[in-house]
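Please examine the sequence and the model shown below. The paragraphs that follow lead through the arrangement of its strands, its nonpolar cores and its pocket.

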Amino acid sequence: WGWSGNHGCTGGYPYCAGGLDYGVDQWNLYNRECVSYVAWALKYRYGKNVRPWHGDGNAYEWPSSAARWSGAYRVASPQPGDVVVLPRSGAFAPVGHVMVVESVSGDTMFVSQYNFYGTGEYSTMYVKNSGVILLRFPNA
């Protein structure tokens, strides 16, 4: 995990004005959470079809709920605009975590994210593309 640390309210994400969880975005997800950032990035940076969640938008729920609401499906080989889903993991990620694949080089992905380690901020890092769930959303 080559985490690059906190970068504050950057990455172009527009729901950063208030504190963590101060409101909900257009997908019914809490602001400055990983799920809200990923939904925004998919729709506005990658042109993907991302529909609102209906109370099942926690990161660990995305493999089933993203398929149900937005037609997302699992893939084996990542490409930019895909979603990396990490499972629930104790205090580190009690509701899981999602990240956006920005680029791929061999067996490593460069990802962007919000709220890694509960910071409520934007960050980037490198992750291996094995042992994770990868989701691809259809184009809008």
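In this predicted model, strands β2 (residues 83–86) and β6 (residues 133–136) run antiparallel and are joined by 3 bridges. Within this pairing, Val-84 of β2 stands opposite Leu-134 of β6. Strand β2 also pairs with β3 (residues 97–105), again antiparallel, through 4 bridges. In that second pairing, the residue opposite Val-84 is Met-99 of β3.

Are the faces of β2 covered or open? Both are covered: Val-83 and Val-85 on one side are buried, as are Val-84 and Leu-86 on the other. The general rule behind such a pattern is that side chains in a regular strand alternate between the two faces of the sheet.

Two nonpolar cores may now be considered. The largest nonpolar core has 27 residues, and Tyr-37, Trp-53, Trp-62, Val-83, Val-98 and Phe-137 are those with the most contacts inside it. Two or more residues of this core come from each of the elements α1 (34–45), α2 (62–70), β2 and β3. Of these, α1 gives the most, with 8 residues. Another core lies apart from it and has 11 residues, including Val-84, Met-125, Val-127 and Leu-134. Val-83 thus belongs to the residues with the most contacts inside the largest core, whereas its neighbour Val-84 belongs to the other core.

Tyr-37 deserves separate attention. Leaving aside residues up to four places away in sequence, Tyr-37 touches Gly-11, Tyr-13, Arg-45, Val-100, Glu-102, Ser-112, Gln-113, Tyr-114 and Tyr-122.

The helix α2 has its own set of buried residues: Trp-62, Pro-63, Ser-65, Ala-66 and Ser-70. In an α-helix there are 3.6 residues a turn, so residues three or four places apart point the same way. Which elements cover the buried residues of α2? The cover includes α1, β1 (73–75), β2, β3 and β6. After α2 comes Gly-71, which has a positive phi, near 75°.

There remains the largest pocket, whose volume is about 400 Å³. It is lined by 25 residues, of which Glu-33, Val-35, Asn-58, Ala-59 and Val-95 are the closest to its centre. By class, the lining of the largest pocket comprises 12 nonpolar, 9 polar and 4 charged residues.

Note on methods. Residues numbered from 1 in each chain as written. Predicted model: local features only at pLDDT ≥ 70, side-chain atom pairs only at ≥ 80, totals over all residues. Heavy atoms only, no water. Buried < 20%, exposed > 50% of the residue type's maximum accessible area, 1.4 Å probe, protein only. Pairing = 2+ DSSP bridges. 1 Å grid on protein atoms, 1.4 Å probe; cavity = no way out; pocket = protein on both sides within 12 Å on 5 of 7 lines; lining within 4 Å. Points joined across faces, edges and corners; volume = space filled by probe spheres on them. Nonpolar A, V, L, I, M, F, W, Y, C, P; charged D, E, K, R; others polar. Core = buried A, V, L, I, M, F, W, Y, C linked by side-chain atoms within 4.5 Å. Contact = heavy atoms within 4.5 Å.
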